[in-house]
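Here's a walk through one protein model, written for someone who would rather be at the bench. Have the viewer open and follow along.

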Amino acid sequence: MTTGAPPPIRPARPRRSGPLRFLPLGIAAWLVLEIWLLVVVAGATSGFVVFLLLVGGLVLGSAVIKRAGRRAFRKLSEAVQQQQNGVTPAPETGGGSALTMLGGLLIILPGLVSDALGLILLVPPVQKALGKYAERTFERKVREATPGGLGDAFQQARMHRPDGKVVPGEVIRDDEPRTRSPRSDDPQLPPH
């Protein structure tokens, strides 16, 4: 049954920002560069050397991620234990575990450029500098955010219509058996 109301107008899809617009192209260029470098290395040495490089990257990256994960879990356990004992744990700065895991992930990915970036992320001064930069950027974004922005986003996600209108109504299911006796003014369907 229709009410004659026009269908809801869907809001225009927001345009991507500049860097996000070129992200698929950047990923494709990265993949082409990685494959080209592997072919160049295979031509200069042999295919077996490239295979050993890829397997070595997989093993090294796995070990790095495992070690960083254990260290992060140990720090979390210590912080929980300190909090249970009534001591406020000192906040950690730098985000070393996350950057170490990212470095390990980049090393696991097949390719020489990703391996080089992953190894650079394992250097402690680089981790410290990137951690401070990420922390400053996050704090700046939080300060610039409008009050209630995140709450409004959750509120809009729950609503079915972008304008936020709520239509009161009642759902009547025809497939459920009637529990009350029919009244004389109820409409009756003709028998089949």
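What follows goes from the overall picture to a few helices and residues.

## Ground rules

This is a predicted model, so local features need a pLDDT of at least 70 and side-chain atom pairs count only at pLDDT 80 or more, while totals for chains, interfaces and linings use all residues. Residues are numbered from 1 along each chain as its sequence is written, and side-chain values use heavy atoms, with hydrogens and water left out.

How confident is the predictor? pLDDT is its confidence in each residue, on a scale from 0 to 100. The protein chain averages 79, and 67% of the residues score at least 70. Over residues 154-159 the pLDDT drops below 50, and that stretch has three contacts in the model beyond near neighbours in sequence. A contact here means heavy atoms within 4.5 Å.

## The overall picture

The protein chain has seven helices and zero strands, so reading from the N terminus you get α-α-α-α-α-α-α. Both kinds of element are DSSP runs numbered from the N terminus: helices are H or I with at least four residues, strands are E with at least two.

Of the 192 residues in the protein chain, 12% count as buried. Buried means under 20% relative accessible area, exposed means over 50%, and partly exposed is in between, using a 1.4 Å probe and protein chains only. The protein chain exposes about 16300 Å², with carbon and sulfur atoms supplying 66% of that. Areas come from the Shrake-Rupley method with a 1.4 Å probe, and for residues only the protein chains shown count as cover. Take the contacts between residues at least 6 apart in sequence: 62% of them join residues at least 24 apart.

## Helix α4 and its cover

Helix α4 takes in residues 96-108. At 1.5 Å a residue, its 13 residues should span 18 Å, and the end C-alpha atoms are indeed 18 Å apart. The expected span is 1.5 Å times one less than the number of residues.

Which residues of α4 are buried? They are Gly 96, Ser 97, Leu 99, Thr 100, Gly 103, Gly 104, Leu 106 and Ile 107. The cover over them includes α3 (47-84), α5 (112-121) and α6 (124-144). For a close-up, pick Thr 100, which sits in α4 and is buried at 8% relative accessible area. Setting aside neighbours within four places in sequence, Thr 100 is in contact with Val 64, Ala 68, Arg 71, Leu 122 and Gln 127.

## Around residues 110 to 114

Glu 34 lies in helix α2 and is buried, with a relative accessible area of 3%. Not counting residues up to four places away in sequence, Glu 34 touches Pro 110, Gly 111, Leu 112, Val 113 and Ser 114. Leu 33 is also in α2, but counts as partly exposed at 39% relative accessibility. The C-alpha atoms of Leu 33 and Val 113 are 8.1 Å apart, though the two are 80 residues apart along the chain.

Leu 54 comes at this stretch from helix α3. Leu 54 is partly exposed at 30%, and its contacts, leaving aside neighbours within four places in sequence, are Leu 38, Pro 110 and Gly 111. The C-alpha atoms of Leu 54 and Gly 111 are 7.3 Å apart, with their positions 57 residues apart along the chain.## A nonpolar patch

Leu 20, Leu 23, Ile 27, Trp 30, Leu 31, Leu 117 and Ile 120 make a nonpolar surface patch of about 640 Å². The elements that give two or more residues to this patch are α2 (23-44) and α5, and α2 gives the most, with four residues. Leu 20 lies in helix α1 (residues 18-21) and is partly exposed, with a relative accessible area of 47%.

Patches are made of residues with over 30% relative accessible area and no salt bridge; like charges are joined within 9 Å, and nonpolar side chains (Val, Leu, Ile, Met, Phe, Trp, Tyr) within 5 Å.

## One salt bridge

How many salt bridges are there? The count comes to one, taking a salt bridge as a side-chain nitrogen of Lys or Arg within 4 Å of a carboxyl oxygen of Asp or Glu. Arg 74 and Glu 78 form it through their side chains, at 4.0 Å from N to O.

Arg 74 and Glu 78 are four residues apart in helix α3, which means about one helical turn separates them. An α-helix has 3.6 residues a turn, so residues three or four places apart point the same way. Arg 74 is partly exposed at 45% relative accessible area, and Glu 78 is partly exposed too, at 43%.

Technical notes. pLDDT = per-residue confidence, 0-100.
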